[in-house]
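Please read the following alongside the sequence and the coordinates. The text goes from helices to side-chain contacts and then to the surface.

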Amino acid sequence: MSERLPRQVKLFGAVSLLNDFASEMIYPLLPAFVTGVLGGGAVALGALDGAADAAAALVKFGSGRLADRPARRGPLIVIGYFVAVVVRPVIAVTAAAWQVIGLRVVDRLGKGLRTPPRDALIADVTPAPLRGRAFGLQRGLDHAGAVLGPLVAWMLLARGADVRTVILASIVPGLAVLVLASWAVRDERRVNADKGEVGAHAPFPPSPASPRLLPPLPLFAICFFYLLRMPETLIILHVQQLGIAVAVVPLLWAAVHVVKSSSSFLGGALSDRLGPARTMWLGWVCYAGLAVGMMVATGPLHAWVLFLALGLVAGLTESPERALVAAFAGARQGSGFGIYHAASGVAALGGGLLLGAAFQGAGGATAFGVSAGLGLGLALLWPFVARAHRVPAR
């Protein structure tokens, strides 16, 4: 068996890099744009992320079910990227906070539409022993785009461009996204036709090895991690309280995505070598320890080290999660990834609200303590869950 990743996986890695490049040119500027330019407040910022995440989670479930038909995957992926590429620059001409919220929701709807079919396609074209590395490449390049976007936005602002101009400029990498995404899905259709695989208009049959699609306890464990994990917005707020200046936050944001990008390749390789269940467990243990560190941190040096170290958690969990879903979903990859993305999205939204309330009511240290305790409990229980449900070791 060849150890090389399929060309479609590499193409989707490039698509993810450019798409996050375009998205992260805009996202870090939205708080200042909504509050400073449009006159919105904290409630508007809360609605911005909350409504967008909820909408994306709902759409992911439906698009996953549609993606069980191979012929629908390509159009869903391209339409999803097209929506984002067209909608993001329009934010530059908005005149009210509610318009930005609406456009951000539409942007996230595009993400919900494309993500499950894209992950299903990657899982299908990649041999099972290489799936960890395939998803590691996709996640690594996605995070690399999140490094480049803010840096290019900062460069444009430093040269005198205003926020609206920077937002409009995001269409340039967006157009490249559409070209590469169209190429990737066309290439996948040709490969399937050459192999004589399942007909384009016939749905995949249920997998005999996984009639319940995704076992409830392993799925619950993954979602519970999203519920207990501290949202990045609250982590940023906490490190600011520890002495990190607001002006330095964009640099910190870019730096943590360097860690996420590099550790995603490591996490993918470990997933193929140790198995996704063990690699994911390492990520959970790592998170619990770092959350304890955040709880007792006392200064900006601690904040820098711990914030960057938290980037390792994404690298050790994102790729193995997807490899595990692919192993369980069998022939129904679309539905499997739709359920995974929808359920984890809802869990992350609920966790953000609960941990946000704890943060506001009792302080950042207490919120991190609660998060760390729950994370440690999950790590202790996971080996028993994995054994009981015969989670694939590799």
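Helices are DSSP runs of H or I with at least four residues, strands are runs of E with at least two, and both are numbered from the N terminus. The expected span of a helix is 1.5 Å times one less than its number of residues. This is a predicted model, in which local features need pLDDT of at least 70 and side-chain atom pairs count only at pLDDT 80 or more, while totals for chains, interfaces and linings use all residues. Residues are numbered from 1 along each chain as its sequence is written, and side-chain values use heavy atoms, with hydrogens and water left out.

Take helix α14 to begin with. It covers residues 311-329, and because 19 residues at 1.5 Å a residue should span 27 Å, the 28 Å between its end C-alpha atoms agrees with expectation. Burial is judged by relative accessible area: buried means under 20%, exposed over 50%, and partly exposed in between, with a 1.4 Å probe and protein chains only. On that scale α14 is mostly covered, with 17 of its 19 residues buried. One residue of this helix is P320, which counts as buried because its relative accessible area is 0%. The C-alpha atom of P320 is 5.8 Å from that of M280, although 40 residues separate the two along the chain. After α14 comes G330, with a positive phi near 60°.

Helix α1 can be treated in the same way. Its 20 residues, 7-26, should span 28 Å at 1.5 Å a residue, and the distance of 29 Å between the end C-alpha atoms agrees. Of these 20 residues 17 are buried, so α1 is largely enclosed by the rest of the structure.

Helix α5 takes up residues 97-125. Its 29 residues should span 42 Å at 1.5 Å a residue, and the end C-alpha atoms are indeed 42 Å apart. What interrupts its course? There is a kink of about 25° at R114, shortly before the proline P116; the bend at a residue is the angle between axes fitted to the seven residues ending there and the seven starting there. In α5, 22 of the 29 residues are buried, so this helix is largely enclosed by the rest of the structure.

Next come the charged side chains. A salt bridge is a side-chain nitrogen of Lys or Arg within 4 Å of a carboxyl oxygen of Asp or Glu, and by this rule the count comes to nine. One of them joins R108 to D107, with 3.7 Å between the closest N and O atoms. R108 counts as buried because its relative accessible area is 12%, and D107 is buried at 2%. Another salt bridge links R118 and D119, at 3.0 Å from N to O. Here R118 has 5% relative accessibility and so counts as buried, while D119 is buried at 0%.

A further salt bridge pairs D142 with R139, the closest N and O atoms being 3.8 Å apart. An α-helix has 3.6 residues a turn, so residues three or four places apart point the same way. D142 and R139 both belong to helix α6 (residues 131-158) and are three residues apart, about one turn of the helix. Both partners are covered: D142 is buried, with a relative accessible area of 12%, and R139 is buried at 10%. Elsewhere, R88, R104, D107 and R108 are joined into one network by salt bridges that share partners.

A polar contact is a pair of N or O atoms within 3.5 Å; within protein, one must be able to donate a hydrogen and the other to accept it, and residues adjacent in sequence count only if both atoms are side-chain atoms. The side chains of S335 and D68 form such a contact at 2.3 Å. S335 lies in helix α15 (residues 333-362) and counts as buried because its relative accessibility is 4%.

In helix α9 (residues 216-228) is I222, which is buried at 3% relative accessible area. The C-alpha atoms of I222 and L378 are 9.3 Å apart, with these positions 156 residues apart along the chain.

The surface comes last. Patches are made of residues with over 30% relative accessible area and no salt bridge, like charges being joined within 9 Å and nonpolar side chains (Val, Leu, Ile, Met, Phe, Trp, Tyr) within 5 Å. Accessible areas come from the Shrake-Rupley method with a 1.4 Å probe, and for residues only the protein chains shown count as cover. L274, W281, L282 and V285 form a nonpolar patch with about 280 Å² of accessible area together. Helix α12 (residues 276-296) gives the most to this patch, with three residues. V285 is located in α12 and counts as partly exposed because its relative accessibility is 37%.
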